[in-house]
Amino acid sequence: AQPERAIAAFLEAARRDPADATSRTRAGQLLLERGRQKEAEPLLAEAVRLDATRARAWEGLGSIALDGRDYARAEQAHRSLLRLEPANVSAWLRLAAALARQDKWSEAKDALDTARSIDPGAPIDSQLRAYVEKMARGITLSQH
């Protein structure tokens, strides 16, 4: 009951103040935590429209886009998030996934490399890394 009351309170705050990006972000986050992506997405999109520095809103939008297999939107959201939080290892890993799904192998490899440089213990699947590196090498070789 508490999360539902919190959602209602944030939605009411957003209704009262059309320029309030914080209440939209928080409502969107709570909705996402409850698996209610369709309700969360417009709130998060409005939050970043009102204030492009809302990292948690970008994170939520990227997650929704990845789950929905909209990899171009996932890439855009994660790049926006990383402009705000360049040391966010999870965001680099999710960006790498979105790029790989678009066959942007060199960029995916770079994103994995960045994640690893920030955190040498970053949870990168070794088989995935090998595959991305192989695909990136293949593209580089075919361009020469």
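Helices are DSSP runs of H or I with at least four residues, numbered from the N terminus. The legends below describe a predicted model.

**Figure 1. Overall view of the predicted model, with 8 helices and 0 strands.** The elements of the protein follow the order α-α-α-α-α-α-α-α from the N terminus on. Along its principal axes, the C-alpha trace spans about 60 × 25 × 25 Å. The protein has 144 residues, of which 38% count as buried. Among contacts with a separation of 6 or more, 43% are made by residues 24 or more positions apart.

**Figure 2. Close-up of the largest pocket and its lining.** The volume of this pocket is about 170 Å³. Two elements, α6 and α8, give two or more residues each to the lining. Helix α6 provides the largest share, 5 residues. The complete lining consists of L93, A96, A97, A100, R101, L112, P123, I124, D125, L128 and V132. Sorted by class, the lining comprises 9 nonpolar and 2 charged residues, with no polar residue.

**Figure 3. Close-up of helix α2, residues 21-33, and the elements that cover it.** The 13 residues of α2 should span 18 Å at 1.5 Å a residue, and the end C-alpha atoms are 18 Å apart, so the model agrees with the expected span. At the N-terminal end, D20 acts as a cap: one of its side-chain oxygens lies 3.1 Å from the backbone nitrogen of T22. Beyond the helix comes G35, which has a positive phi near 75 degrees. The buried residues of α2 are A21, S23, R24, T25, A27, G28, Q29, L30 and L31. Their cover includes α1 (2-16), α3 (37-50) and α4.

**Figure 4. Close-up of two loop residues with positive phi, R69 and D103.** Most residues other than glycine have a negative phi. R69, however, has a phi near 60 degrees, and the phi of D103 is also near 60 degrees. R69 is located in the loop between α4 (55-67) and α5 (71-84). Its relative accessible area is 65%, and R69 therefore counts as exposed, the cut-off being over 50%. D103 belongs to the loop between α6 (89-101) and α7 (105-118). With 53% relative accessibility, D103 is likewise exposed.

**Figure 5. Close-up of E75 in helix α5 and its contacts.** E75 has a relative accessibility of 10% and therefore counts as buried, a class that requires a value under 20%. Which residues does E75 contact, leaving aside its neighbours within four places in sequence? They are L95, A98, L99, Q102, K104 and E107.

**Figure 6. Close-up of A130 in helix α8.** This helix covers residues 126-142. Is A130 buried, partly exposed or exposed? Its relative accessible area is 43%, so A130 is partly exposed; the value lies between the cut-offs of 20% and 50%. K109 is 21 residues away from A130 in sequence, and the two C-alpha atoms are 9.5 Å apart in space.

Conventions: Residues numbered from 1 in each chain as written. Predicted model: local features only at pLDDT ≥ 70, side-chain atom pairs only at ≥ 80, totals over all residues. Heavy atoms only, no water. Buried < 20%, exposed > 50% of the residue type's maximum accessible area, 1.4 Å probe, protein only. Expected span 1.5 Å × (residues − 1). Contact = heavy atoms within 4.5 Å. Polar contact = N/O pair within 3.5 Å; in protein donor to acceptor, adjacent residues only side chain to side chain. 1 Å grid on protein atoms, 1.4 Å probe; cavity = no way out; pocket = protein on both sides within 12 Å on 5 of 7 lines; lining within 4 Å. Points joined across faces, edges and corners; volume = space filled by probe spheres on them. Nonpolar A, V, L, I, M, F, W, Y, C, P; charged D, E, K, R; others polar.
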